[in-house]
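Hi,

Here is the structure I said I would pass on. Have a look at it first, and then read my notes underneath.

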Amino acid sequence: MPTDRPGLVGETARVTGQPRPGRPAADTESPGVTEVVSELLEAAGESEGEPEPGLARMREAASMAAIQAEETGGLGRLGRPMDRRSPFFIGMAGAAGVAVTIALVELIIRARSVLVLIGLALFIAAGLDPVVSWLTRHRVPRWAAVLAVLAGMFGVIAGFLAAAIPPLAAQTTNLIAQLPHYAHTLQDHNSALGRLNVKYHLEQRLSHLLATRGSSLVGGVVGAGALVLGALASMLAVLVLVVYFLVGMPRIKLFVYRLAPHSRRARVILIGDEIFTKVGGFVLGNMFTSVIAGLGTYLWMLVFGIPYPILLGLFVAIMDLIPVIGSTIGGAVVSLVALTVSLPVAIATLVFYVAYRLAEDYLLVPRIMGSTVKVPAVVSVVAVLVGGALMGIVGALVAIPAAAALRLLLHEVTFRRLDRS
């Protein structure tokens, strides 16, 4: 290799650690820079005369490393950045993006049940936040306002349990006491139940079912118990998350708004606050209409002597929290219970709930939350059906505020850009 090539003059002196005149010496405490370069030069054929072309290039690189070590006093200068427009970099970035997207989708699928609980808790907290904020504006500490709101929620739940447990216990005790009577009636050929037994062999079928499917029935009971325990655990998790979200709602909003670029953060804050207002208005309005449905059911059942008015009134109020279909299901259950009184009372109860359904859709809902949610009736029905098909009761519950938020984004962002295009 020619000795007069620029950058390679005095290689031997540089390799042995001799500093060039006017250049700073390499860091002598660094881990053997000159020794490593010497080994590289020796491996490249320094002592074997003219090296092969490939080894010559390695010898040149080792010599340049020694020069940079002398000039910088360390590990050389920073090289040129990688060309991000190169096909290799574009391919690697695209492959990494696909891998990250697949991992996120897999994570969402695996944690879907947990994410649904978190979303439901955040939805409830966003709906109760206007009440907490109203109390804090009246000089109530936020923790005390949260406790007051939660006390109201627990009061409703406790009232439902207090009304539900005594009738259920009484009916269960009555059923156990009547079992011998039912068994005797089953053997009586003159009774209606006895004639059905003779005609359809009910006793033999029941005995055969218990003999062949007894283990399956026991497994079903155990599975039902596990399902109840899972539902209770999910409710407890949602309640704990609601408490945390209510206490930290201002910080949660601040974190969400900081995710937006500073140039658009002001508009994001305005739109975000409007969405939170719509969610809060929907939740509070839905609770108000549920209270009206529960009170109407209670008074109707008292007038016509339908049993368990408190229990069924609370049941209808809770079911009415589910938009569109909740009060319909509650009304069907109350109409079936009204059959125990008489058929005309049951028919009148069914007509009452049909009239209440129409009054709620066209009178109560537009007046109570029409100014905040502003979702057309057709959109509400479609949203509830789609939400129920995707996530069940939780999807039906959050469908209308989600549709309201989507409608706001379309009007404020998408449609404006399309109009200017």
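One thing before the notes: this is a predicted model. I looked at two pockets and at two helix pairs that involve H10.

Let me start with H10, since the largest pocket takes more of its lining from this helix than from any other element, namely 10 residues. The pocket itself holds about 1900 Å³ of space. It has 44 lining residues, and those closest to the centre are Ile124, Ile157, Met235, Ile318 and Leu321. If you want to trace the walls, the elements giving two or more residues are H5 (112–137), H6 (142–187), H8 (202–247), H10 (265–304), H11 (309–319) and H14 (377–420). As for the chemistry, the lining has 38 nonpolar and six polar residues, with no charged ones.

The second largest pocket has about 650 Å³ of space. Its lining counts 23 residues, with Val268, Ile271, Gly272, Ile275 and Leu409 nearest the centre. Here H14 supplies the largest share, 10 residues. At least two residues each come from H5, H9 (249–258), H10 and H14. This lining does include charge: six residues are charged, alongside 16 nonpolar and one polar.

Now the helix pairs. How do H10 and H11 run relative to each other, and at what angle do they cross? Their axes come within 7 Å and cross at roughly 155°. An angle over 145° counts as roughly antiparallel, so that is what H10 is to H11. The crossing is right-handed. On the H10 side, the contact uses Ser290, Ala293, Gly294, Thr297, Tyr298, Met301 and Leu302, and these meet Pro309, Ile310, Leu312, Gly313, Val316 and Ala317 of H11. Sorted by class, that contact has nine nonpolar and four polar residues, and no charged ones.

H10 also pairs with H14, where the axes come within 10 Å and again cross at roughly 155°. That angle therefore makes H10 roughly antiparallel to H14. This crossing is right-handed too. H10 brings Arg267, Ile271, Glu274, Ile275, Lys278, Val279, Phe282 and Asn286 to the contact, while H14 brings Leu397, Ile400, Pro401, Ala404, Ala405, Leu408, Leu409, Glu412, Val413 and Arg416. The contact of H10 with H14 contains five charged residues, together with 12 nonpolar and one polar.

One overlap to look at on screen: Ile271, Ile275 and Leu409 are among the residues nearest the centre of the second largest pocket, and these three also take part in the contact between H10 and H14.

Cheers

Note on methods: Residues numbered from 1 in each chain as written. Predicted model: local features only at pLDDT ≥ 70, side-chain atom pairs only at ≥ 80, totals over all residues. Heavy atoms only, no water. 1 Å grid on protein atoms, 1.4 Å probe; cavity = no way out; pocket = protein on both sides within 12 Å on 5 of 7 lines; lining within 4 Å. Points joined across faces, edges and corners; volume = space filled by probe spheres on them. Helix = DSSP H or I, 4+ residues; strand = E, 2+ residues; numbered from the N terminus. Nonpolar A, V, L, I, M, F, W, Y, C, P; charged D, E, K, R; others polar. Axes fitted to C-alpha atoms, helices over the stretch in contact; angles between N-to-C directions. Parallel < 35°, antiparallel > 145°, perpendicular 65-115°, else oblique. Left-handed = near helix turned anticlockwise from the far one by under 90°. Contact = heavy atoms within 4.5 Å.
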